[in-house]
Amino acid sequence: MTGPPAPPGNRWLPVISLTLLAAAAAALITATQERTQQRIADNEAAEMMKGLAAVLPDGDYDNQPYRDRIMVVDAELLGSNDPQPVYRVRKSGRPVAAVIAVTARNGYVGPIRLLVGISASGTVTGVRVVTHRETPGLGDRIEAKKSNWLSIFAGHSATRPDYDQWLVKRDGGDFDQMTGATVTSRSVVSAVRDAVRYFQEHRDTIFE
Ligand SMILES: Cc1cc2nc3c(=O)[nH]c(=O)nc-3n(C[C@H](O)[C@H](O)[C@H](O)COP(=O)(O)O)c2cc1C
């Protein structure tokens with residue numbers, strides 16, 4: 001025996017409720033995803049800012065360098081066939097410095113990615129390692145938290161020392177090598193030298 005047919009309004013009620021529920025769930029998922037993506041982007045920006053701030057003098061700029069970025073390619077001087085970021089640093093719109101991402105290709109274990117801060121006048125303001133695979137206890141002393149070896153570059157420029165003195169002391173140049181890690185030291189010295197040279201050759205177009 002079947003009962004009387006449900007009034008038309010009631011028959012659609014479950015369908016409508018389910019549709020509304022599914023729409024609400026989808027909206028909630030989308031909102032959560034957007035919040036998560038925003039948080040990831042904020043964290044990445046904060047990390048990037050920390051990295052950039054580490055190679056720049058304190059408080060000397062008022063822009064957000066990680067947003068003022070250009071991509072450039074120079075396999076010879078920047079150590080990669082891929083476009084590399086150059087972050088422009090400004091105060092009241094005027095160039096203060098640039099931070100160049102370079103790869104030292106001939107590390108002992110593998111490529112070493114670096115950020116090199118260079119003032120508008122061409123002087124190194126700081127160098128930090130972004131990624132590397134050098135040996136713990138030997139080449140990994142390029143990390144700022146393990147030694148201050150990377151501080152040897154601050155204040156140097158394309159002409160200080162002369163180009164042919166941008167070598168480790170072991171090779172007759174001006175820069176101390178890390179003891180027991182000459183290969184790593186050598187590769188970083190030449191990568192910083194090339195970043196400085198890149199800046200010298202492209203300063204005007206970098207800040208255009
Ligand atoms: C297992 C192992 C790991 C090494 N890792 C590094 C390294 O990360 N960076 C480096 O420059 N040399 C490394 N070396 C040392 C090099 O072989 C080389 O001796 C050194 O770079 C030369 O520097 P030195 O003349 O100051 O000893 C490693 C050697 C061994 C046996």
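**Questions about the core and the strands**

User: What makes Val116, Val124, Val127 and Phe153 contacts of Val192?

Analyst: Leaving aside neighbours within four places in sequence, Val192 is in contact with Val116, Val124, Val127 and Phe153, because two residues are in contact if their C-beta atoms, placed from the backbone, lie within 7 Å. This is a predicted model, in which local features need pLDDT of at least 70, side-chain atom pairs count only at pLDDT 80 or more, and totals for chains, interfaces and linings use all residues. Residues are numbered from 1 along each chain as its sequence is written.

User: Why is the set with Val192 and Ala195 called a nonpolar core?

Analyst: A nonpolar core is a set of buried Ala, Val, Leu, Ile, Met, Phe, Trp, Tyr and Cys residues joined through C-beta atoms within 7 Å; buried means that 20 or more other C-beta atoms lie within 10 Å of the residue's own. The largest such core has 43 residues, and those with the most contacts inside it include Val192 and Ala195. Among the elements giving it two or more residues are α2 (13-54) and α4 (182-206).

User: How do you know that β1 pairs with β2?

Analyst: Two strands pair if DSSP finds at least two bridges between them. Strand β1 (residues 69-72) is joined to β2 by 4 bridges, so the pair qualifies, and the two run antiparallel. Ile70 has Val86 in β2 as its bridge partner.

User: What links β2 and β3?

Analyst: They pair in the antiparallel sense over 6 bridges, with Arg90 opposite Pro95 in β3. These strands form a hairpin with 2 residues between them, and Ser92 in the turn has a positive phi of about 50°.

Note on methods: A residue is buried if 20 or more other C-beta atoms lie within 10 Å of its own, exposed if 12 or fewer, and partly exposed in between; C-beta atoms are placed from the backbone.
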